[in-house]
Structures are given as structure tokens and as C-alpha cells.
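I am keeping these entries as a record of what I looked up, taking the metal sites before the salt bridges and the chain contacts. The entries follow below.

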Amino acid sequence: MTNDRTPMLQMKGIRKSFPGVRALKGVDFRLFPGEVHALMGENGAGKSTLIKALTGVYSVDEGTVHLDGSPIRIHSPQESQAAGISTVYQEVNLCPNLTVAENIFIGREPRKLGRIRWKEMNRAASALLADRMQLHIDVTRNLESYSVAVQQLVAIARALSISAKVLILDEPTSSLDRNEVQQLFAIMRKLKNEGLAILFVTHFLDQVYEISDRITILRNGEFVGEYMAAELPRIELVSRMIGKELHAFEEKARASSDRKAASDAPWIEAAGLGRKGAIEPFDLSISEGEVVGLAGLLGSGRTEVARLLFGADKADEGKLTFAAGGDGLRSPRHAISRGIAFCSENRKTEGIIDELTVRENIVLALQASRGWFRTISRKKQDEIADEYIKALNINPPNPEHLVKNLSGGNQQKVILARWLLTQPKLLILDEPTRGIDIGAKADIQKLVLSLSEQGMSVLFISSELEEVLRVCERIAVLRDRRIVKEIAGEDMNSHNVMQAIAGG
Amino acid sequence: MNQTNRTNLMNRMRKHHLFWPLAVLGALLLFNLIYSPDFFSVKMRGGHLYGNVIDILNFGAPLILVAIGMTLVIATKGIDLSVGSIVAIAGAMACLTISKGGDQNSLGLVLIAVGLALALSVVLGLWNGLLVSGAGIQPIIATLILMVAGRGIAQLITDGQIITLSSPKYEFIGAGSLATLPFSIFVVVAVFAIAALVTRKTALGMFIESVGCNPEASRLAGIRSKYIVIAVYMFCGLCAGIAGLLLSSNISSADGNNAGLWYELDAILAVVIGGTSLNGGRFYLTGTLVGALIIQTLSTTIYTVGIPPEVTLVVKAFVVLAVCLIQSEAFRKALAYRWKTRRYPGEKEVARHV
Amino acid sequence: GNNNNNGGNASPSPSAEVKASESASPSASPAAADKQVVLGFAQVGAESGWRSANTKSIQESAAAAGFDLKFSDAQQKQENQIKAIRSYIQQKVDVIAFSPVVESGWDTVLKEAKDAGIPVILTDRAVDSKDTTLYKTFIGSDFVEEGRKAGQWVLDQYKDTQDDINIVELQGTTGSAPANDRKAGFADVIKANPKLKVIASQTGEFTRAKGKEVMQAFLKANKDIDVLYAHNDDMALGAIQAIEAAGLVPGKDIIIISVDAVKDGMTAASEGKINFIVECNPLLGPQLMEAVNDVLAGKEIPQRVVTKEGTFTSEQAKEALPSRQY
Amino acid sequence: MFDRKLLPIWVTIGLFALMFAAGSFRYTGFFSMQVVLNLLIDNAFLILTAVGMTFVIVSGGIDLSVGSVIAFTTMVSATLIQQEGWPPAVVIPLVLAIGTVFGWTMGAIIHYFKIQPFIVTLAGMFLARGLCYVINIDTITIDNAFYTKVAQTKVGLPGGSFVSINVLIALLVVAIAIYLAHYTRFGRNVYAIGGNEQSALLMGLPVGRTKIGVYALSGFCSALSGVVYTFYMLSGYGLHAVGTELDAIAGVVIGGTLLTGGVGYIAGTVFGVLIQGVIQTIISFEGTLSSWWTKIVIGLLLFLFIVLQRMLGARRSSAKT
Ligand SMILES: Nc1ncnc2c1ncn2[C@@H]1O[C@H](COP(=O)(O)OP(=O)(O)OP(=O)(O)O)[C@@H](O)[C@H]1O
Ligand SMILES: Nc1ncnc2c1ncn2[C@@H]1O[C@H](COP(=O)(O)OP(=O)(O)OP(=O)(O)O)[C@@H](O)[C@H]1O
Ligand SMILES: [Mg+2]
Ligand SMILES: [Mg+2]
């Protein structure tokens, strides 16, 4: 039994408070060599905080940490790395202005007499990405020129390439597609067999059961329990996480009979819309109340489609027409005035305004559409904020909290609230469930369905095919920056979609 | 019960972003009071109040104005180095117009001069805004252009000479008094009130902070970042222009080369002391006000105490350093707990938002 | 009287011929003989009305003398002046003249000019080079002397005083040569009478605004000020406004002395607001052009040409004012 | 292969050449090797400061104290050599050490107390210049044999042109700095911190050490620049190098470095400084501008240059996918 061995890492009675928030209230955690240990909990439960307390980003108020049997006190990520803890943090924490290769090797560059050997480094980086992640990209380009998903892969590659005793992965899979996840798991299994201790955070239950040996559950900053994965049924896990008995948690799929054919006149119609170097010209139309999904591999161009439909990028060919009359989009602002909303996949750089409060972040888009002079009164703002905090279960439920201090999933909800508030006719959701816990994910899916029933059109992009299948009435499949197929009605099943993605 | 309430109040006060700047200002004034007990004495002289405190407000007025404009620019992640030059140009323009007129003291002429000067300042601000926002040039270099050329323009206007006026009406703006107080104080109060109202009672303040914090996310949220940036630079130009009028009318003359020299540095300093970060985002107009008053009080103190000019700068250096050390949470903690937590750089200081 | 036709004077002189062929055009064609004389002038800047008058005088008299004037403005930076001089050497001008920002630090570039065979004339301020062959002559005023003149007047005014005389001083820009020297000259003279006390001294940066601001503070911090000594007219003019605002009469309640004698200063003096002005003449142009001609003609000229400068009391100012050019 | 990332530098260099060519067409005597070399001779000290400043700006900070540190260095050197009679072999290392420690201290305050660099280095600027006046309010001329020798040595180049020793020092430092920026861990860490400090921290980079190091480096460069300035001026003076910080920052930014940090090249900085030099040279060759027109024309040329640079370099940002 693993229990008899000394844990690689042991944390006891960890407490950590931020001004106004008690994020960890005495958490215990053990990690053994040669195991994958899942840390579970709702958004804001304290998972990321526990990890940051461990790696010296935050100081702990109370509690002890033992590494390899001896007590340690880590004061900075640098020390934690030196102590053999390699970490992928939740938000991609790399330097966008450096090349991909540097991002992988910075701090550990191959050197000769103090001189960095660039050629060797680039070669090693290329090899590493190709071998481990099946990612064939130009490693001498700056990281910022790649999508979030690629950045995530690079961050993982960096962590993997650090030979360490402990590997921590905080939601590494949130923006990866199925293939990438499988590759990652293969690597994790290999490392596990080599005796590495792996801490893994995710909101995907399937993934938890697929890869992990042991599960620790946190709720509201409190330690709930530690379980062997094999001995903890799913339903049990979920109810422990949310602290309530739960029956049929599995979401109801949209009954196939619900699916109306997209026969209505399209509300928005793109004809030959394209942008050089980003997406080939495509045709796409969305009717009122319709939920259209975009499926495809990483980098297949889904985000680009969304950005063109929102006017975030300018199309250099083709036409965009609206049923209500008029065509083309000059700017995001123009799109918003036409009733389009866009929830970006990249919440850190394109979503939240991190110095502002939750309330301000929520009302921002609505206020922007009203102009600076027609203000929403403070009272009204408070009401709105409270309403959405409640509706989306944003935690902590304090509208005056700075958004940057929210947990990742809660930030995502804030952005969602911002767009729902504008009551758009077309809501573009690019990876809206990224980093969202299982309960909230189901809520969001339900929300999408109910919105569409009220007549809102939705363009739904997600790397989780099941999710796309569940909420959408029609799916456009992209491959190599081109829409290759539209699937609707009876044909809509995972097999057909996969085949289209693969190019069958 | 009462006890805890009071400590709570103390804590809340200490968390307020104005606490430390105000504390510093208080300390400076207290020092003056101890040094010369009649520092605060205000006498009535010839129908207006006369005293050190009044002087601080009067001479500090131009700096406060420039700093108000600068605050908004800095909130958009920008910086405006050209304010000093705009100060000089506005003063030169007004004085030239008046000196060219027949009757220097005619109200119409003075109004025209003031209007012309302010219009010119706004245009210069627009130029800065267009370079920054339209052409996408880095603010520091975009405004450097006008900083260099602007002084030339000011001297071109004055022909390199100092234009001296004898226009009591114009002099009133910077040296006259209304209801026993210097008129410049009313100008400052008006501009400050307008700036505060427009930014805090409408959504403009939020837009400015949002653009300064994350321009791309703001654009995607539908904010017209470009117009906001341009408007802010125009406002900053206007503030500098008003400051230029105050300065030149205070001495009844326009000095193209020296008016507003190094004002940009003092203004930025005032903004930073007031708690606004040069990285953009949250801004604090009241903080700026206090910051500017600290700077002006410091100069007055230096003159009053009789610090020799050779060591003035050293004194200034230490005061500036002291001000920012005191404001630094990390420093206070270090004093309190002997640096217990110094090595957790991930912990950013608590937001000083109220 | 140097408005004579200098263009004709310069070239016929044999030594000038030699110089010209050394420095200017190696191919001494006949046309080169009546080539315009090129004078490179590196000005400090345009920091004050005084300086602008100085520039204007030089530009006008160069035009009158028929010289081709290459003018550059260093914006108060010595390194810019050095750059300008280097570029004059590069352009092979006939004579270089400049007003040094500071006295020190000119040896290297002056040697380069000497090596290139270009004569150098200093105006306004001297350089402290040990090697006096680096420049031909220095035309300008003596700041220490100006300070002394101011001090002497105070000394004379208060020679029988029984009470302490409280003097406040408005200094120029900290560290600048005129500020240092005017302060030193003044202090040197008034120490003869121990009753004369400088009770406060602060920089007013040569500007009206600062002069007014500092004087305001002086008036509040010091109860009875008898004399104000300002290092230039502008600061004195600012201070006058402060004194008036305090309800005192400038020139009566507080005796005012200043340096420069620019137009505004002279006007104030004629109104009795300034009691004594020491002149510092900016109109060096004619003298400079004369010197240029002499140098090109190979004439011996004195190493030091002191400009003719006077002093003005209020009455003298009133008389002189109508005929002043600046 | 043409590296796309270097496009801004090539644009800058191209525009420099263009300006030089324009000057050569317009003014006789402009087109000569010595004019180019004079740019180096006269701007050697500025290049040194700007190199240090580049590191600071790339790291996301700013250093306003550089001009004052130059003045302070000249003052200390002049006092020690001229009035105390110390040998240069002692004085030069000493002032370099002083500058480094000065920068280090500012860096430490910035890092440990989380105070904005602008304000700390502004205090540093006041302090260094104030200390000059405290030491001596007058200018001190240096006539030490070593200093005059260094100052007046002309290193001849083929074709009769020459450079000064200062130029050699500056070029050497530039070479070292390029190496430091691109081939050492310290250099790469500086870029990483400028790109995203929080990320750099989480990636386990020595953020504190690097940040403090950057300011120490800038202090060192300024002190070295001060030494070079002392050779150049042969004097110590409290009013030396007033406003140099702005010239240096302008040079850095014109050279293509982003003030927000993370992006920049030393070579670009060198040309940024030289472009300011060319503008000045053009103006003194023109020789007919009044003082105020001088400023206006400098502003206009700067504007022209920046707009051209922006237009030509803009393609790079749109080429980004
Ligand atoms: N720097 C901070 N300042 C203040 N509060 C914070 C800070 N960081 C985290 N918190 C708070 O601590 C709590 C725990 O957050 P944490 O990021 O650990 O959640 P999480 O479990 O990782 O959630 P998610 O699944 O959404 O990522 C949250 O309530 C959050 O608001
Ligand atoms: N596997 C890959 N190999 C090479 N380049 C990739 C890959 N994946 C993404 N990229 C790069 O990422 C950039 C952005 O991709 P894009 O945003 O279109 O992806 P997407 O279809 O939205 O996928 P996702 O949203 O899942 O990241 C492109 O420039 C592309 O070159
Ligand atoms: Mg988290
Ligand atoms: Mg995408």
C-alpha cells in the first residue's frame, strides 16, 4: 500500500487569508511518489491558492510543509524549483515577448562558458515540443504569436523538461482538445512510473478518473477528505465537492426532437468572409434562437471565425450581412450596437480588467454601449452586480472585490455576466467553460439552452466535443483554417464530427 | 465594544489611499509650525488674506492644475512631457495678444486672449492625443516632440523676449483676489470639481481606468479607447493652458523659455505621490491634489527655513524618498515585523481602492 | 563706430590670405579672395531676455559687417556647444566665436580648432585654459566685478548706519557662473562693514516667477528686510511684485539692487522701484565683429577686451531710458 | 535569412542613413568620415548612459538619475584628483564603484519596498545633483596629465580621420552590452521580467536579483559615462549633463525599445542616440536658425523620423498572426 511509504510532500494545517477572504482554513495534503493525485473543488475552493502557498508565491499564515520527510520553508518559486518542484500555474504564466524556445528554457539555458547557445536551445525546444507534445511550431517566434492552447502546451513542456521530484499541473487541460489531453496523459503516466509525484487539478471528472490514483477534495478553503480514486464514486465526489447530496447530476442533453432545423431566415450571414493568414473565406449563417457550434483541432481557426464575426479583426474579403439590414462591422463597438457579444477565450488579456472591481467589470460593456454620459446609477449597478453574482454563483459574492483576486473560474463567470447583461441577439462564446467547475459548467450549458429558447442566437466554441454536441443544433467543423463541413440534425454525433475534423 | 469600533475606524482610515499622503503633508506643516509658530497666521491685508498658507495655495495652483490633467493621462497608461511647454505657450499667446491690443486693460481683449490661449492649448493636447492614439507612437516620445518644439514655439511667439503687460484685468486671474482669497484658488477648485464630477459621476472615469488597465479588453468590451485617450490628452493640454495663464498673469509677463520649466517632472511626482500608478489604471484625483500640495509646501518650507540653495536638492531628495517609503506597505511592514514577509514577492500589496 | 565696410578690410591683408588658404579653400582661386568671411558662433541658449538681446546684436552686426554667420544654439548644454564647434571646424569656417556655458572643459576642442588653423574668440564669459594661445581674445563682462559694484553701492549707502542692515539675496541658477561670481563679488565687498548682513539667500533661478515666489516667502519669514540684492533684473521685477503684494513700497521700504539693466529693469529703476542697477551689456556684436576683422587681418589684439559697462541709480536710469536699445 | 524581429532596427538604421544622405546633399563638408566620427566622439557618453538605460527600460523600469550621476562622477573625480591629488588609478575605480552602489541602492529600494522606479530614481536624481553642489558649487578644472592625455589623444584611422579614446570605450561597452543582453542569463532574465514580471517570478527566475542588478548596471554605465564625460570636459561641475536622462530615454525609445518593457535592442539604442546627433549636426551646418527655430526644427525632424519609422515598421505588427 502506498500509505505506508513516506509522502514525497506533506502539507499540514495550511491556513492562508487574504484581506477579506479566508482562502485556506487548515488544509492537509499528501502526495506520494509514483502517483497522480487530483486536487478537486469548486471554483474558488482554494486549489490554486494551496498550490501557490506550496511553491512560495504566497506566504502561509500557519501550517507546515515537509518535502521528502524533512520540513521546508519555501519563500519563492525560484526556491521551489530548486527544491525539485516543477509547476504549471493555472493562468498561462510565460513571457509573451520571448521566443517559444526561451520560454521553455529560460533560467536553464544550455550554456558554454556562460554564453547561451541559442542553436542548441532552439533545437532542444523543437525536439521537446515535437516528441512530447506532437507540436510542430517555429520555436524562434515569439510566444505571443500563438494561441492560448499552444501557450498552454509550451508551459507544460517547460514544466516537464525540468527534472523534478514533484510536478504540479493546475488545470493544464482546460484549453486543450482531446488529442492533446491524451498525449499529456501518456506523458504523465510515463513520469508516474518513473516515480514522479504529480499533483493535478482539473474540472473534468472523466479526466480525473482516467488518470488519477488519489483524490483530495477542498470545499470553501476547507479540507474535506482524501480518497482513493477507485473507491470514490463520481456522484459521491461531486456531492462532497459541493457539499450537498446530489441525484441526477448528469446534465440533460438537448433531446434530438428539440432540435429545430435551421430553416428560419438567418439573422446574420457571412458570405466568403475571410482574412489573410488567419482564416480562409467561409460561409456561415446563424438564425435567431439557434445555437451553432464550431468544432476543430487547436489552431484550426475557430477563434478567428469568432473574431471576424465580432469585428475584433477586420475581414479583408467577403461580406457580412444582417437580417435587420446593413452589412459589415467596423469595430467591436459596432458589433455590440448590432447586438453581438463576444466572450473571448483569453480572459487574462482580452477579458478581465484586472484592476477594476467585479461590479465594474460586469457593467462595463453595457455602460460602454450607453456612452459615458448616460450612466447607470450606482444603485442600479449594485443591483445588477448582486443579481448576476447570485445567478452565476460568483464567489466571493462581493461586488467590490477586485477581479484580479478572484479565482480563475469566477473570473470567467464575471465576463459571462458582462455579456449577458447587454442582452445580445448573438452571443459568441469562445471556450466559455474553460476552468469552470462541474456544477457551474452544467449551469452554463443550461443557461445557453434557455437563452436560445428566449430567442438568443449563440455561437458556441469549445474544445470539449461532448459539450458542443450537447448544446448545439448545428456544428461547423473547421480544419486547417477553413470550414470544411456543416453537420446538423440526425447526423450530429461524435463519430461524424470526429471524422470531419480528421478529414475523413 | 467601543474600543474595537475605534480600532476598526483607525484601520479603515489607514487603509484609505489618502491616509499616508495626508500624513506627510501634516508632518510638513507641523514641522513648519514648530519652526516658526506664526507659519499659519493669516492676516487681512488690503482686502485680501495674506499668509504662508495662502501662498502655498496660490503658488501651488498651476502645479495642481497640471497635475490634474497629468493624472488622467497617466491613468490611461500614458505620460505627457509637453505640459511645461504648453504652459509657456499659453502664457506667451495670451500676453502677446494683450500686448498687441490698444487698451491692454479692456475686458474684451483679455477674454479674447484667454480664449485664444486656451484654444491653442487644447489643440496642442489634441496633437499629442493624435500622435499617441491615432499614430500609435509611445506617449513619452510623442509628447517629447512637443516638449522640445513647444518651447521654441513659445519663444517664437515672444520673440525670445519677456513680454511685460500692464493689464490689471489680466493680472487678476493669477494675482487678484475674490472674497479675500486668491482668484487662482477658485480656478483650481472649479477645474478640480469639474474633473472629479465628470470622471466620477459619469462613466468616463471607469472607461479611463479600463483603457489604462487593459486596452485590448476595453476595446472588445466596446469602449472607444482611441477617443478617450485623445480626450484625455486634450484635457491635459487645457489644464496646462490654464496653468500657463495663472503663471503668466501672476507675474504679468510671459517668459517663453522659463515658464513651466521642469513642470512635467513635478506634476508626475505629484501624481505618483497621490497614489496613482504609472502603469495606468486606478487614479486618485484627490491624491494628486495632496501630492501637489506636498511639493509646494516643501518649496515654501525650504525658502522659509532658509536652507541654502546648495543643499536644497539633497533635502528634496530625502523628503521625496521619505514620502514614498512611508507610503510603501512593504516598508512599513519591514519596520513593524523586521521584514518577516519580505521574500514573498508574489503578494502584491492590498489594493488601496476605496 | 564699426559699421565700416569690413568685407574689403579683411581680404587684402596678406596674413589673412595665408590663413584663408590654410583653412578654407586649398585651391586659392581669384574668386576665393573676395569670398565672404564665415563666422561660426556657438551661443549658449536663449535662456533670458539678456541672452536674446545678445544674440540679436551679434546677428545684426554680422549682417552689417557682411559676414556669413553660422549660428547655433546649445540650449544651455556645454556638450552641445562643443558639438557645434566641432561642426564649425568640419565646415572650415574662418573664425569661431562662442560664449562658453562654463569656464572649464574647452581645451580639447579648442586644440582641435587650433590644429585646424581656425582662430577662436570668446565672448561674454572666459575659459580657464592654462594655454592662452588657444583663443585670440575674450570680449565680455566680469561677473565678479558686477557683484563688487553692487556691493560697493550698498557699502556707500550705509556707511554711517548704526543699526544692522538686513540684506536678502536672490541668487541665479545654482552653480552657474554669473550666480557664483555675483554672489562672491558682492560678499567680498560688503564684509567690510559688519553691520551689513545677508540674512537670507536663495536661488530664484534667474526668473520672475521664482523671484516672486521666493521673495514672498522671505517677506513672511523675515520681519524687517532692508535691502534686496537680485542677481538679475527679472528676479528683481518678480520680487517687486511680491513686495507690493505685502503692502510695502519697493525702493523705499526695501532698497533694491539688481544686475543687467535690461529694458524692464531700467523702467522699474526709472520709477524708483529699483534703486541701483549694475549694467551687464549684451550688445557685444560690434566689438566682436571688430575683433574678427582684426584677427583675420593679423593685427595684434589684447587678450581681454572688457566691455564698457556702467551703473545706474534711479535718476540716471530715468535719463538713460529713452536712449536704451535693449 | 532576414530576421523579421530585427526589422525595426533596420528601419532605424535606414532612416539614419537617409538623414545623413540628406545632410550630405544639402551641406558641403557634411559628407565626410570625420562628421560621422564626430557623432561618436560627441555622443560617446550619451551612448554609454543609453546602453545602461536600455537594460532598465527593457526590464520595465526607468532611471532618471543618470544625468546627475554623471555630474556627480565628474565632481568627485575632479575634487579627488585636483584638490586631493589622488591618482587616477584609484579615482576611476572608486567612482565606478560609487555609481554602481548608488544604482544598486535605488534598485533595492524599488524592489524590496515596491516603490515605483520613477519616483525612486527621481529622488536619486535630486540627491546626486544636490551632492555635487554640496561638494563644490564652482567648476573644477582638471589638469592632471593622465586625464589631459586621454582627452586629447586622437586615435587615427585610415583616411586622416580620428576618434577619441572615449569612442573606443563606448564601442567596447556596446559590444559587451549586446553580448550581455543576448547571450547571458542575466540579459534574458531582464527581457523576461520586462515582458511579464509576475510570470517571470512564477517561472522561478531570480526577479529581485535581476531587477536590482539592472539598476546597478545602469548606475555603473552612468558612472562610466561620467568618467568619459570627465575626459571629454576635463572638469567637474554640478551643472554638467543636465537633462541627459531625457536624451538617453529618447535615444532608447527612438531606437525601438518599448517603454512598457520587454522589447528592445542595444544596437537600436546606439542608432537612436546617433539620430539625435545627426539632427543636431544638420542644424549646426544649417547655421541660420535662431534659438527658437532650432528647437522647433529639432522637434519637426524628430517627428518626421518617428512617423517614418512608425509607418515603415508598422507592417511588422500587422504581419503578426
Ligand atoms: N491575491 C488574492 N487576493 C485576495 N483574494 C484571493 C487572492 N487569490 C485568491 N483569492 C481568493 O481565494 C479564494 C480561493 O481562490 P483559488 O484561486 O485558490 O480558487 P481555485 O480553487 O483555484 O478556483 P478555480 O477552480 O476557479 O481556479 C477565492 O475566493 C479567491 O477569491
Ligand atoms: N498545433 C499547432 N501547430 C502549429 N501552430 C498552431 C497549432 N495550434 C495553434 N497554432 C497557432 O496558433 C495560432 C492561433 O490559432 P487559433 O486561434 O486559430 O486556434 P483555434 O482554432 O481558435 O484553437 P483554440 O481556440 O483551440 O486555441 C495560429 O497562428 C496557429 O499558427
Ligand atoms: Mg484555480
Ligand atoms: Mg481559439
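Which protein donors does the magnesium ion (ligand 3) have? I note that this is a predicted model, and in it I found Ser48(A), through OG, and Gln90(A), through OE1, as the protein donors, at 1.9 to 2.1 Å from the ion. Ser48(A) belongs to helix α1 (residues 47-54) of chain A, while Gln90(A) sits in the loop between β6 (85-88) and α3 (100-105), so the pair ties together parts that are 42 residues apart in sequence. I also looked up the accessibility of Gln90(A), which at 11% counts as buried.

**Second magnesium ion.** For ligand 4, I read off Thr303(A) (OG1) and Glu345(A), the latter listed with two OE entries, as the protein donors, lying 1.8 to 2.7 Å from the magnesium ion. Thr303(A) is in helix α9 (residues 302-310) and Glu345(A) in the loop between β17 (340-343) and α11 (347-351) of chain A, so here the pair ties together parts that are 42 residues apart in sequence. Thr303(A) is buried at 17% relative accessible area, and Glu345(A) is buried at 13%.

**A glycine in chain A.** I then turned to Gly225(A), which I placed in strand β12 (residues 222-228) of chain A and which counts as buried at 7% relative accessibility. Leaving out residues up to four places away in sequence, I found Gly225(A) touching Ile215(A), Thr216(A) and Ile217(A). From Gly225(A) to Arg240(A) I noted 15 residues in sequence and 8.7 Å between the C-alpha atoms.

**Salt bridges.** My search of the whole structure gave 58 salt bridges over all chains. One of them joins Glu400(A) to Arg359(A), with the closest N and O atoms 2.8 Å apart. Glu400(A) lies in the loop between α13 (378-391) and α14 (408-421), and Arg359(A) in helix α12 (residues 358-370) of chain A, so this bridge ties together parts that are 41 residues apart in sequence. Glu400(A) is partly exposed at 29%, whereas Arg359(A) is buried at 6%.

In chain C, I looked at the salt bridge between Asp264(C) and Arg208(C), with 2.7 Å from N to O. The bridge links distant parts of the chain, with Asp264(C) in helix α11 (residues 263-270) and Arg208(C) in helix α9 (residues 208-221), 56 residues apart. Asp264(C) is partly exposed at 23%, but Arg208(C) is buried at 5%. I also entered a network of salt bridges that links Arg307(A), Asp313(A) and Glu350(A) with Glu216(B) and Arg219(B).

**Chain contacts.** Which of the five pairs of chains that touch has the most contacts? I found that chains B and D have the most, with 53 residues of chain B in contact with 44 residues of chain D. The area buried between these two chains is about 4,300 Å², and carbon and sulfur atoms give 81% of that area. I found zero salt bridges across the interface of chain B and chain D, although nine residue pairs are in polar contact there. On the side of chain B that touches chain D, the elements that each supply at least two residues are α5, α6, α12, α14 and α15, and α6(B) gives the most, with twelve residues. By class, I entered 35 nonpolar, ten polar and eight charged residues for that side of chain B. Chain A and chain C, by contrast, do not touch, and I noted 37 Å between their nearest C-alpha atoms.

Terms used
Residues are numbered from 1 along each chain as its sequence is written. Chains are lettered from A and ligands numbered from 1 in the order in which they are written. This is a predicted model: local features need pLDDT of at least 70, side-chain atom pairs count only at pLDDT 80 or more; totals for chains, interfaces and linings use all residues. Side-chain values use heavy atoms; hydrogens and water are left out. Contact means heavy atoms within 4.5 Å. Buried area is the accessible area (1.4 Å probe) that two parts lose on being put together, summed over both. A salt bridge is a side-chain nitrogen of Lys or Arg within 4 Å of a carboxyl oxygen of Asp or Glu. A polar contact is a pair of N or O atoms within 3.5 Å; within protein, one must be able to donate a hydrogen and the other to accept it, and residues adjacent in sequence count only if both atoms are side-chain atoms. Helices (H or I, at least four residues) and strands (E, at least two) are DSSP runs, numbered from the N terminus. Ala, Val, Leu, Ile, Met, Phe, Trp, Tyr, Cys and Pro count as nonpolar, Asp, Glu, Lys and Arg as charged, and the others, Gly among them, as polar. Donors are N, O and S atoms within 2.8 Å of the metal (3.2 Å for Na, K and Ca); water is not among the atoms, so sites may look incomplete. Buried means under 20% relative accessible area, exposed over 50%, partly exposed in between (1.4 Å probe, protein chains only).
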